[in-house]
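Welcome! Below is a short guided tour for anyone meeting this structure for the first time. Take a look at it, and then read on.

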Amino acid sequence: MISEKNETSKGFGIKARRGIAYVVLIFITFLCLFWFYILFVNATRSHSEMTKGFTPFPSTNFFVNWKNLMEGTLPVWSGLINSLIVSSLSAVLCTYFSTMTAYAIHAYDFKLKKFIFTFILAVMTIPTQVTALGFVQLVSNMKLEDNFIPLVVPSIAAPVTFFYMKQYMESTLPLSLIEAARIDGSGEFRTFNSIVIPLMKPAIAVQAIFTFVSSWNNYFTPALILHNEKMKTLPILIAQLRSADFLKFDMGQVYIMIAFSIFPVILVYLCLSKFIVQGVALGSVKG
Amino acid sequence: MKKAKRGKVVSYNKWGYIFLIPFITVYVVFQLIPLVSTIVNSFFENYRSGLTQIGPTFIGLANYKEIFANPDIWIYAQNTLIMWVMGFVPQILVSLLLGAWFSDPSLRLKGQGFFKTVIYLPNLIMASAFSMLFFTLFSDGGPINSILIQMGILDEPFKFLSHVWSTRTLVALMNFLMWFGNTTILLMAGMMGIDTSLFEAAQVDGATPTKIFYKITLPLLKPILIYVMITSLVGGLQMFDVPQILTNGNGEPMRSSMTLIMYLNKHLYSKNYGMGGALSVILFVITGVLSLVVFKFSNNKEK
């Protein structure tokens, strides 16, 4: 009798806890998505509708706002294309060369191996901002201002991506496989390109997404380097929008500009979310 | 025959160096040289006053003295710390709670994939666009004020960006939203790694879920918690995009949301390389010390 009573109270406990968990989770989901919902609604409304106050339903002005933005003074399309170029190139270079660096440390034995590995780990958490001053001077000495090179090429040396690749390699790339390729007469460089890279595809995919997104979102460095209107990336345009005299602006355009820079990432994320969330967890267990 | 083979092994290993060439070249050119020249700059007087260029002349530690003598850096350091704490405390609490729920097999929560997807989403949003969004949402005539008035909570618009604490709260809220999903996933992975037999033993002994959480989960999570805290602190020191865009770079009201990197950014824009260099070196030392703690810690964990 007593034990039975215990059982039911325990069952109740779990049910109640589950209920609380769902309520909190739904609240947090609301907190995460609410802003983007308003963004979506307001991107479809005209400036005059918005001055009258907020309504929770979309209106019909989406394409008018879109047209206004496209015909406005902000170079939105070139911003989008610049962002795409910089982020894609960064993602490709970063993943390819990080894999190469990881392979060098993983597959070979050489004198400085331990030193270099320790060094890369040690500099992993040093933020780019603290070297920004020297970086900007270097870029202007090299006459590379208003050029994508200083935004793309540095991604070759990415300690965090390197570390992830190294961890992944330890679990998926047996040295005997490389040995077998050597016996079959494959050169070292060819082995890397035709055996290592395909085996590393899952890790490369995850890291390519992360590099792409962080480069897409980067504001600090591009703002210091790109001054020419035609070269600017989206985050700089957003900052320009913020510093423009706000009241003169058509709010419909402001919202659609924000949506324009946010929604592509959301769309890609929704398609790939499973990889991404797993990728974060994977990196953490090992890191 | 044997000798030839050994010779080959040695020649293979030189490929280790060859494959490291791109990383090392790029690292030296784009990070090491800038770091050194930043440090060198910090010992020189080098700025523009109007149209005249002053310096560069070597002045030793005078830039550092000037920075520390000026109350600004302390105010900005304090602002950065306050906004970091305001974002980090709720972040770690919510993440612990969600992590515990997600990893608790007896709860059997449905739709975990959905919730994880949603909470991680803000992390990928462009910080500057998110900040711009908040600026428009919380502006005097913006939707939030409009909603609050419609609901009868406010009589007239509240000027969120004209008050010290509401501005700081907005910055903290954005940082919280952007990072709690990431932290949740990290902590959850840590919780999943705990030996389940410990939980079972505790349950057999009649421990309540709360007790299990405090006496087993939390102590075993300590290494990950410290890792999360220090990496978040290093990230917090770099706080820039969100307050920069929200306040248009001036840290208003009354410079109460001006962060250290915003201060550095100002020096970079005005091309005051001496002061900028000194400030960079100070930030470098702080993050270096913090990184060393993380490094020591993750090394111990492996042992």
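## A helix with little cover

Let us begin with helix H8 of chain B, residues 196-204, which is hardly covered: among its nine residues, the number that count as buried is zero. Just after H8 of chain B comes B:Gly206, and its phi is positive, near 85°. Please keep in mind throughout that this is a predicted model.

## Chain A at a glance

Chain A contains 14 helices and zero strands. Read from the N terminus, its pattern is therefore α-α-α-α-α-α-α-α-α-α-α-α-α-α. Chain A has a radius of gyration of 25 Å, well over the 19 Å that the globule rule gives for 287 residues, so chain A is more spread out than a compact globule. Along the principal axes, its C-alpha atoms fill a box of roughly 85 × 75 × 35 Å.

How many of the residues of chain A count as buried? The share is 43% of the 287 residues. Among the contacts in chain A between residues at least 6 apart in sequence, 76% link residues at least 24 apart.

## Domains and confidence in chain A

The domain assignment divides chain A into domain 1, covering 2-61, and domain 2, covering 74-243. Taken over C-alpha atoms, the centres of domain 1 and domain 2 of chain A are separated by 38 Å.

The mean pLDDT of chain A is 86, with 92% of its residues reaching 70 or more. Residues 1-10 of chain A have a pLDDT below 50, and beyond near neighbours in sequence this stretch makes zero contacts in the model. Where pLDDT is low, the predicted coordinates should not be read in detail.

## Chain B at a glance

Chain B has twelve helices and two strands. Along the sequence, its elements follow the pattern α-β-β-α-α-α-α-α-α-α-α-α-α-α. The radius of gyration of chain B is 25 Å, whereas a compact globule of 303 residues would have one near 19 Å. The box filled by the C-alpha atoms of chain B, taken along the principal axes, is roughly 90 × 75 × 30 Å.

Of the 303 residues in chain B, 40% count as buried. Among contacts in chain B with a separation of 6 or more, 70% come from residues 24 or more positions apart.

## Where the chains meet

What does each chain bring to the contact? Chain B supplies 76 residues and chain A supplies 74 residues. On the side of chain B that touches chain A, the largest share comes from helix H1 of chain B (residues 2-41), with 20 residues. By class, this side of chain B is made up of 50 nonpolar, 24 polar and two charged residues.

## The largest nonpolar core

The largest nonpolar core holds 146 residues. Those with the most contacts inside this core are A:Tyr103, A:Met257, A:Ile258, B:Ala129, B:Leu133 and B:Phe134. Helix H7 of chain B (residues 164-192) gives the most to this core, 15 residues. From chain A, the core draws at least three residues from each of domain 1 (2-61) and domain 2 (74-243).

For a look at one of these residues, try B:Phe134: leaving aside residues up to four places away in sequence, B:Phe134 touches B:Leu170, B:Met174 and B:Leu246.

## Backbone details in the loops

Most residues other than glycine have a negative phi, and most peptide bonds are trans. With that in mind, a few places are worth a visit.

In chain A, the phi of A:Asp146 is near 55°, a positive value in a residue other than glycine. A:Asp146 sits in the loop between helix H6 (132-141) and helix H7 (149-152) of chain A. Because A:Asp146 has 15 C-beta neighbours inside 10 Å, A:Asp146 counts as partly exposed.

In chain B, a cis peptide bond joins B:Glu252 to B:Pro253, with omega about -5°. B:Pro253 belongs to the loop between helix H10 (241-246) and helix H11 (260-269) of chain B. B:Arg255 also lies in the loop between H10 and H11 of chain B, and its phi is near 55°, a positive value in a residue other than glycine. B:Arg255 counts as partly exposed because there are 16 C-beta neighbours inside 10 Å.

Note on methods: Residues are numbered from 1 along each chain as its sequence is written. Chains are lettered from A and ligands numbered from 1 in the order in which they are written. This is a predicted model: local features need pLDDT of at least 70, side-chain atom pairs count only at pLDDT 80 or more; totals for chains, interfaces and linings use all residues. Helices (H or I, at least four residues) and strands (E, at least two) are DSSP runs, numbered from the N terminus. The radius of gyration is taken over C-alpha atoms; the globule rule is 2.2 Å times the number of residues to the power 0.38. A residue is buried if 20 or more other C-beta atoms lie within 10 Å of its own, exposed if 12 or fewer, and partly exposed in between; C-beta atoms are placed from the backbone. Two residues are in contact if their C-beta atoms, placed from the backbone, lie within 7 Å. Ala, Val, Leu, Ile, Met, Phe, Trp, Tyr, Cys and Pro count as nonpolar, Asp, Glu, Lys and Arg as charged, and the others, Gly among them, as polar. pLDDT is the predictor's confidence in each residue, from 0 to 100. Domain bounds come from an automatic or database domain assignment. A nonpolar core is a set of buried Ala, Val, Leu, Ile, Met, Phe, Trp, Tyr and Cys residues joined through C-beta atoms within 7 Å.
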